[in-house]
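Reader: Hello! I would like to go through this one with you, question by question. Could you show me what we are looking at?
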Amino acid sequence: MSVGYKAVQWTHSKKVYDVVIVAGVLLYLATFIIVGKIAWRGDRAISDEILLIRALGTCAIVMLHIVLAIGPLARFFPRLSPLLYNRRHLGVATFLVAAAHGTIVLGYYHGFGRLNPFVSLLTHDADFGVASSLPFQLFGAMALVILFIMAATSHDFWLRNLSARTWKSIHMMVYACYVLVIAHVMFGALQAERSSLYPALLAAGVIGVTALHVAAGLRERRIDKQPWAAIDQDKKGAWIDLGDCRDIPNSRARTVCVDGRPRIAVFRNGDDLCAVQSVCAHQGGPLAEGKIIDGCITCPWHGWQYRPEDGRSPPPFEERISTHRIRSRDGRLELNALPEPPGTAVPPARLPEEMT
Amino acid sequence: MAEWILTIVAAYLLVGGLFAIAFVSAGVSRVDHAAKGAPLGFRLLILPGAAAMWPLMLLRWIRSDG
């Protein structure tokens, strides 16, 4: 949340997160190198440089799969949301590991010729007619450029100054990066591989990531297609019946989507209910999947907070989101589908006695 | 062809690098008032992004109210 910028707004959980990332990377590299030394011996022996290139490359691919899997997994298992909070740290770490892989490749395979190493990289293996001669290193280099752009613009400063839409578009390039990485491996390392283990692992990763995204997309679509009938109309829009709200756990929310408009989060705070837009002002995180912590609606992605009664961040922060009018009438809870201007105070509705 | 591409990329990054130094030193606080008095760590962290996004940030800097 924006008051003044810092390099990193460290919290205990961020420190733990980063320690786990560093320890995980080091453990993976050490395990890969030890197992590689044992597996690739005698006629199949490889140099230490190639072993390190493989260790770093596979590590970056595993990290990219985790980055891509965290989002949909957190939607199905809210307990995994803390993994999502600091995903950008994992993204930056993925870039650093991939950059180390690329740097060693550039020096080892292109650094000893007469050509400039970058010219050598661009002109190497450039035959688009044969699978084994596709410029797989170029695919890897392009993926690395995308990872760099995402890592370089990961700070909140960029989110605020590039606009949320542009920032999101830049960071959606992670999918293009993923396709390039898969092509890089398929037309590179796997062309010389005789074991079926590596193609099987790669296929499992691609199928897993794709299946998770499709499943999460279908779940979101189901939420958006729920029918909410208008029961009343006034100057400020249609009122819809929220039905029985007893099943909303305390401090949690129900997602409501009316006629394909932006989602609304109906939060239960004890016996009171309030409604706000479900889109966080930070990165568009799903507020309805968050919870009320210390009296504030807290985004599940990065912990940005808003007061339930007026959609304003607690001082000294200045972010605001839209609120929605909500009322209790004739034993029913009703929500107005039209958003109030961001930061507008709206009285909460009391849960009807029939629902307590 | 490859040499041409690399020359263009190198020129872009060279200009971007020089711009980024000026931007994180002086321009950033004009573009975004929340960056006034920001620590060195923050400025170093946004330096690579400023080098990569320099045309956009140059426009923002020119249009800033100072």
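Author: Happy to. One definition before we begin: a residue is called buried when its relative accessible area is under 20%, exposed when it is over 50%, and partly exposed in between. Please also keep in mind that this is a predicted model.

Reader: Thanks! With that cut-off, is A:F95 buried or exposed?
Author: The relative accessibility of A:F95 is 15%. The limit for the lowest class is under 20%. A:F95 therefore counts as buried.

Reader: A:F95 and A:F148 form an aromatic pair, so what is its geometry?
Author: The ring centres of A:F95 and A:F148 are 5.8 Å apart, with 55° between the planes. Planes under 30 degrees apart would count as stacked and over 60 as edge-to-face. The pair of A:F95 and A:F148 is thus classed as tilted.

Reader: How many residues apart in sequence are the parts that this pair of A:F95 and A:F148 ties together?
Author: A:F95 belongs to helix 4 (residues 87-110) of chain A, while A:F148 belongs to helix 6 (residues 136-152) of chain A. A:F148 is partly exposed, at a relative accessible area of 26%. Because the two rings sit in these two helices, their pair ties together parts of the chain whose separation is 53 residues.

Reader: And what kind of aromatic pair do A:Y5 and A:F157 form?
Author: The count over all chains is 14 aromatic pairs. For A:Y5 and A:F157, the centres are 5.6 Å apart and the planes meet at 75°. Both A:Y5 and A:F157 are buried. Their arrangement is edge-to-face.

Reader: How many residues apart are A:Y5 and A:F157?
Author: A:Y5 sits in the segment before helix 1 (12-39) of chain A, and A:F157 is in helix 7 of chain A. The pair links distant parts of the chain, and the separation is 152 residues.

Reader: Which residues form one aromatic cluster with A:Y5 and A:F157?
Author: The cluster has members in chain A and in chain B. Besides A:Y5 and A:F157, its members are A:W158, B:F19, B:F23, B:F42 and B:W61.

Reader: Since both chains take part, what ipTM does the predictor give the complex?
Author: Chain B has a mean pLDDT of 92, with 97% of its residues at 70 or more. Within chain B, helix 1 (residues 2-31) has the lowest confidence, a mean of 93, and helix 2 (residues 40-52) the highest, at 96. For the complex, the pTM is 0.84 and the ipTM is 0.94.

Reader: Let's turn to chain A: how many helices and strands does its secondary structure hold?
Author: The C-alpha trace of chain A spans about 80 × 40 × 35 Å along its principal axes. Of its 356 residues, 44% count as buried. The secondary structure of chain A comes to 10 helices and 12 strands.

Reader: How far apart are the end C-alpha atoms of helix 10 of chain A?
Author: Helix 10 (residues 197-224) of chain A has 28 residues, so at 1.5 Å a residue it should span 40 Å. The value from the model agrees with this, at 41 Å.

Reader: Which elements are among those that cover the buried residues of helix 10 of chain A?
Author: The buried residues of this helix are A:L202, A:G205, A:V209, A:A216, A:E220 and A:I223. What covers them includes helix 2 (48-76), helix 9 (174-186) and strand 3 (253-256) of chain A.

Reader: In the open sheet with the order 1-2-11-10 (chain A), which strands stand at the edges?
Author: This sheet has four strands, and their pairing is antiparallel. Two of them have a single partner strand each, so one side of each is left without a neighbour in the sheet: strand 1 (230-234) and strand 10 (326-329) of chain A.

Reader: What is the bridge partner of A:I240 in strand 11 of chain A?
Author: Strand 2 (residues 237-241) and strand 11 (residues 332-336) of chain A run antiparallel and are joined by three bridges. In strand 11 of chain A, the partner of A:I240 is A:L335.

Reader: Last one: where is A:P316 found, given the cis peptide bond from A:P315 to A:P316?
Author: That peptide bond has an omega near 10°. A:P316 is in a loop of chain A, the one between strand 8 (305-306) and strand 9 (323-324).

Technical notes:
Residues numbered from 1 in each chain as written. Chains lettered and ligands numbered in written order. Predicted model: local features only at pLDDT ≥ 70, side-chain atom pairs only at ≥ 80, totals over all residues. Heavy atoms only, no water. pLDDT = per-residue confidence, 0-100. Expected span 1.5 Å × (residues − 1). Buried < 20%, exposed > 50% of the residue type's maximum accessible area, 1.4 Å probe, protein only. Contact = heavy atoms within 4.5 Å. Pairing = 2+ DSSP bridges. Phe/Tyr/Trp six-rings, centres within 6.5 Å; stacked < 30°, edge-to-face > 60°.
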